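Here is a short briefing for a reader new to this structure. Please look at the chain first, then read on.

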Amino acid sequence: MTTLRVPLAALLLLSAAVLQVSVLAPLRLPGATPDPTLLVVVGLALRWGPLPGAVAGFAGGLVLDLLPPAGGSAGRWAAVLVVVGYAVGRVFETVRDSPVAALVAVSCAAAGSVAGSAALGALVGDPAVYWPSVPRLCASAVIYDVLLTPLLVPAVTYLARRADAEPAERRARR
């Protein structure tokens, strides 16, 4: 990581997490809460690749796990978003940057994060996991996050591009 990547990622992830828990969660929208932290992780993973995407996912998930009113098992979102960041970076590393690729990545990441969080919750015995509601939560998470994608992901990828030009090895694979 270059010197600008870390402060940029920290600023974006912290801002998104605060927006998520202090503005979007109290709206009590039906289904899941819109997840700007996930969108930042996806944007960084799309731009910087799997390993920085995984690191950003871990950091963003850890912030979500620690910000009040954090519920459930500590570290659950960190574990889920590290997998999401790595998977998005790996699957889309040879795909050209495009709005369609971002929408597909966000759709898969939103559904995967909800299902992954439910699976981890069930694994550690969280009584709040109710499997019949997981498909509805996945659908609402995909809808909310796809609606937020045109607002956040292009801005995140633009800032990531400005902070660090595309690595030569990644550019060679395209």
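Helix 2 and helix 3 are roughly antiparallel to each other, a label for angles over 145 degrees, with under 35 counting as roughly parallel, 65 to 115 as roughly perpendicular and the rest as oblique. Helices (H or I, at least four residues) and strands (E, at least two) are DSSP runs, numbered from the N terminus.

This is a predicted model, in which local features need pLDDT of at least 70, side-chain atom pairs count only at pLDDT 80 or more, and totals for chains, interfaces and linings use all residues. Residues are numbered from 1 along each chain as its sequence is written, and side-chain values use heavy atoms, leaving out hydrogens and water.

**Overall build**
- The protein has seven helices and zero strands.
- From the N terminus on, the order is α-α-α-α-α-α-α.
- The C-alpha trace spans about 45 × 30 × 30 Å along its principal axes.
- The radius of gyration is 15 Å, which agrees with the value near 16 Å for a compact globule of 174 residues. It is taken over C-alpha atoms, and the globule rule is 2.2 Å times the number of residues to the power 0.38.

**Helix 2 with helix 3**
- Helix 3 covers residues 50–66, and its axis lies 7 Å from that of helix 2, at an angle of about 165 degrees. Axes are lines fitted to C-alpha atoms, for helices over the stretch in contact, and angles run from 0 to 180 degrees between N-to-C directions.
- The crossing is right-handed: the near helix is turned clockwise from the far one by less than a right angle, whereas anticlockwise would be left-handed.
- Helix 2 contributes Thr37, Val41, Leu44, Ala45 and Trp48 to the contact (heavy atoms within 4.5 Å).
- Helix 3 brings residues including Pro50, Pro52, Gly53 and Leu64.
- The contact has eight nonpolar, four polar and no charged residues. Ala, Val, Leu, Ile, Met, Phe, Trp, Tyr, Cys and Pro count as nonpolar, Asp, Glu, Lys and Arg as charged, and the others, Gly among them, as polar.

**Helix 1 with helix 2**
- Helix 1 (residues 5–24) and helix 2 (residues 36–48) cross at roughly 155 degrees, and their axes come within 7 Å.
- That makes this pair roughly antiparallel.
- Among the helix 1 residues that meet helix 2 are Arg5, Leu8 and Gln20.
- This contact divides into 13 nonpolar, two polar and one charged.

**Helix 5 with helix 6**
- Helix 5 (residues 99–123) packs on helix 6 (residues 134–163) at about 145 degrees, with the axes 8 Å apart.
- Helix 5 passes helix 6 in a right-handed crossing.
- Asp145 and Thr149 of helix 6 are among the contact residues, as are Ala102 and Ser107 of helix 5.
- The tally is 15 nonpolar, two polar and one charged.

**Record annotation**
- An unreviewed UniProt entry lists residues 74–92, 98–125 and 137–160 under "transmembrane region". Positions use the numbering here, feature names are shortened, and annotations may be inferred rather than shown by experiment.
- Residues 98–125 are 89% helix and 0% strand, with end C-alpha atoms 40 Å apart.
- Residues 137–160 are 100% helix and 0% strand, with end C-alpha atoms 30 Å apart.
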